[in-house]
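Trainee: Could you take me through one small part of this model up close, and then show me how the rest of the chain fits around it?

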Amino acid sequence: MRIASVIILLFTCQFIFAQEIEKRNYSAKKIEALNIAIDGKFNDLQWLTANWENQFVQHEPYEGKAPHKQTEFAILYDENNIYVAIKSHDSGADSISMRLSRRDELDGDMAGIMFDTYFDKRTAFGFFVSAAGVKSDFVQSNDGETEDPTWDPIWWVKTTKTEKGWNAEMRIPLTQLRFEEGEEQLWGMQVLRSIFRKDELSVWQPMKREKAGFVSQFGTINGIKNIKPHNVLNVTPYAVARTERFEKEPDNPFRSTGRDKSLDVGLDAKIGLTNYLTMDLTINPDFGQVEADPSEVNLSTNETFFEEKRPFFIEGKNILNYSLQAGDGELAAEGLFYSRRIGRRPNYYPDLNDGEYTDIPNFTRILGAAKITGKTSNGWSIGILESVTAEENAKIKGIGEGRTQSVEPLTNYFVGRLQKDFNNGNTYLGGIITSVNRSINDSHLNFLHKSAYTGGFDIVHKWNDKNWSIDGGLYFSQVNGSTEAITRTQKSYIRNFQRPDADYLELDTTRTSLSGLGGKFAIAKEGGKFNFGSIMSWKTPGLELNDVGFSPQVDRALQVLWSNYHIYEPFSIFREVNFSANQYSVWDFGANRVALGANLNTFAQLTNYWKAFGGLSLSGERRSSSALRGGSALLEPGYKYARIGIFTNPQKQLTFELMGGQYFSNEKGFRSIADYNLSIGYRPLKSLRIDIAPGLNTYKNDLQYVTQNDFQNGTRYVMAHIDRSTVNMSLRINLNISPDLTIQYWGQPFIATGEYSEFKHITNSKADNLNDRYNTYSDEQISFDTNSETYLIDDNLDGTIDYSFDKPDFNVKEFLSNLVVRWEYRPGSTVYLVWSQNRNGSVNDGSFHLSNDINTLFNEKPNNIFLVKFSYRIGR
């Protein structure tokens, strides 16, 4: 009886949830092609006869209820522009939050409009503005699942504060929108407003937070008749003057003067090929204004993923994305296209003779790149990227005549992505092809692949009003090159074909090509408060994607079960609560279980606007195929990892964020990790924000890889205990003089130390007992030569040194900083003033003394770069 009651309740809830909200429609009014003054005052007569609408409802926190303050809007159009007027009523005008910030980083009260001009119920263009007049624009795709804030169209907006609240007036040129020519347009539309002090979001078209999808819940706009698409045409030439100052090195011919300077020019362009397709071009691009990557010391075999920050590559990147995993999280970074490969640091470092010095480019120069993106009226999404990077040479000088040596060959990169919508946007099928071709003319570069190709297809299908979905795909790779290159690929740490215990792998040193396959499949329930699903993915050992993609590990089959329960409506002291539970297992293609674990997570926002999260991860014994860098797999004890975070009310002048995590090994004393991060934000003025974020990480591990040496017809894999400490502090200052003139400073001191002790070698890497997996060197076996800073090993105690290795301790210090003044003196035209500084130093001393390390860091001689970049947009 109880079971029957539950079933009836579930069906009743499903019926209530399935009830559709009535779709609203707005009718726009045409005006003569006269200039409306964009001043936020609505004094033009055309606004008096416009169709004004209100009846906004809350979307957050109380879905469907009347908002704290009402909003009105009206839309006009002519043959060239869309005009939008928004009145954000607020009787507490003094309480309106008018915080200045940089474009696309809105803070305070805001309002905006979104258009689904394709009317595919998946894609939307957003135009938002804060009460202080700061713009934000973006493109949403996949029905709101992905958002690209790097899209920066040319449009105009002004805001004004009134006795009744604040106004926003927009002019959006039709050149910035993509639509099909026709007698009358029918677009999806949503108008939104956020009241910062209430953390309240209200909308014109009511929507359900529990319902899967966002763009598909929009209302509609009609009445826009007889307009014609206008293809965009913008050409932006630029010039960059740069000077560098560094410490003089009299013996180094490349640094003897302590200075360097350069003058460069380039061109960016945006050209509308059709109503739907846009081509972006860049010739000799310069990214000197882009913030540097944060410092790190990576002792693992996994490559670190760095976010793309270069404007050309981040705008429209979603359309080129092919993820190897369904869902989000760390695994979502893996994909067939990773744009940071283009223009990367050169792969080769030249061999130098005694007395020689070299000058190597920090990055490979991009000669040019072109990108075509867009979506057609019948549902085809197209993304094509072509880029050519230069052959780079290291200059070498010393005794005798100077010489050059190639460190990176001329390379062509290609990415093509295609997707097609079916079934009213509920089904989409896609494909992708990538290629990398290198012109290798020097034998010392034969370790690189001469060519690399990847491709795949994917399909997503949603049903039951998008409450259920499946997501699947298959992909392949093939790399070609010399026997040296393919042997290097087989022996790379992500696959280790040479492992003696991997009988399912075969190292073939005569191969000149290598291929592999991968795939993914996921099924999920996504609508309602309770969501759950299953994910499976696999990557064969021969898969190699890292010429233009990102995959830090292959030879893996992953299984995940996940569940999530979300309470949207406020109750008690909570505004919103979320719980999730997940289980995973990982196997290799030799049918060995690599990992098994689970995690529990919770997140809550309180009625005082504070937020908090907590989580607990549990893992069983893990099997690492890369810990010994080509040796047998190593069994490592499982762990427990607890984490917590607290965020204070962001509306306050002073804010705090505290996040911490503690890792406990299941085998006492084997490994421990503590990670703590604090962020303090202070806004003394509406136009000024200061953020200080110190972080501390301590790491101890009893089996840290050191080196490997030949011994008695075998290999000794030397490990040690490591005591590692990492301290960093990020300082960020944002001063916004106006929405178009900003000053931003970022600086980060970074200190990482590692002290090695208790050296040992592996005896049986998969023994049942942890202590049986290694043997610690006795005092008679190991000694240290202070003159050469080398450890000497007499392994068999016969009085003869069998092998040796350098002292592995390290103390790495680095300071990075960027000061950027940005002035957009006219839409699309900018001036940048940039000062970048870095200081760095390292010694093989693992001791950690914070005050001494900081003093030593700032006593290092700085390297300063001063840059002026001027661009001017020509076009419409």
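Let me start with a strand pair: which residue in β11 is the bridge partner of Val157?

Mentor: It's Met170 that serves as the bridge partner of Val157 in β11. Before we go on, remember that this is a predicted model: local features need pLDDT of at least 70, side-chain atom pairs count only at pLDDT 80 or more, and totals for chains, interfaces and linings use all residues. Numbering starts from 1 along each chain as its sequence is written, and side-chain values use heavy atoms, with hydrogens and water left out.

Now for your strand pair. β10 and β11 (residues 165-173) run antiparallel and are joined by seven bridges. Strands pair if DSSP finds at least two bridges between them. Helices (H or I, at least four residues) and strands (E, at least two) are DSSP runs, numbered from the N terminus.

Zoom out a little and you'll see that these two belong to an open, five-stranded sheet with mixed pairing, in the order β2-β4-β5-β11-β10. β2 (29-30) and β10 (156-162) sit at the edges with a single partner strand each, so one side of each has no neighbour in the sheet.

Next, have a look at the loop between β6 and β7, where you'll find Thr123. With a relative accessibility of 8%, Thr123 counts as buried; that word means under 20% relative accessible area, while exposed means over 50% and partly exposed is in between (1.4 Å probe, protein chains only). Leaving aside residues up to four places away in sequence, Thr123 touches several residues, among them Phe115, Tyr118, Val215 and Lys375. A contact here means heavy atoms within 4.5 Å.

Keep your eye on Lys375, since it forms a salt bridge with Asp120, the closest N and O atoms being 2.1 Å apart. Asp120 is in the loop between β6 (110-116) and β7 (124-130), whereas Lys375 is in strand β19 (residues 366-375), so this pair ties together parts 255 residues apart in sequence. The cut-off is a side-chain nitrogen of Lys or Arg within 4 Å of a carboxyl oxygen of Asp or Glu. Both ends of the pair are buried, Asp120 at 11% relative accessibility and Lys375 at 5%.

There are others to compare with it; the whole structure has 35 salt bridges. Arg716 and Asp795 form one of them, with the closest N and O atoms 2.7 Å apart. Arg716 belongs to strand β39 (residues 714-738) and Asp795 to the loop between β43 (790-793) and β44 (803-806), so parts 79 residues apart in sequence are tied together. Arg716 and Asp795 are both buried.

Arg403 and Glu356 also meet through their side chains in a salt bridge, 2.9 Å from N to O. Here strand β22 (residues 403-408), which holds Arg403, is linked to Glu356 in the loop between α2 (311-314) and β18 (357-359), the two residues being 47 apart. Arg403 is partly exposed at 30% relative accessibility, but Glu356 is buried at 14%. Elsewhere, a network of salt bridges links Arg103, Asp137, Asp152, Arg822 and Glu824.

Then there are the rings. Tyr118, which Thr123 touches, belongs to one aromatic cluster with Phe125, Phe127, Trp151, Trp155 and Tyr276. Rings of Phe, Tyr and Trp (its six-membered ring) pair if their centres lie within 6.5 Å; planes under 30 degrees apart count as stacked, over 60 as edge-to-face and the rest as tilted. The whole structure has 37 aromatic pairs. Among them, Trp47 and Trp52 are tilted, 6.2 Å centre to centre with 55° between the planes. In Phe214 and Phe218 the ring centres are 5.6 Å apart and the planes are at 80°, so that pair is edge-to-face. Phe214 is partly exposed at 22% relative accessibility, whereas Phe218 is buried at 4%.

Finally, the overall picture. The protein chain has four helices and 48 strands. Its radius of gyration is 30 Å, close to the 29 Å from the globule rule for 876 residues, so the chain is as compact as a globular protein of that length. That radius is taken over C-alpha atoms, and the rule is 2.2 Å times the number of residues to the power 0.38. The C-alpha trace spans about 100 × 85 × 55 Å along its principal axes, and buried residues make up 52% of the 876.
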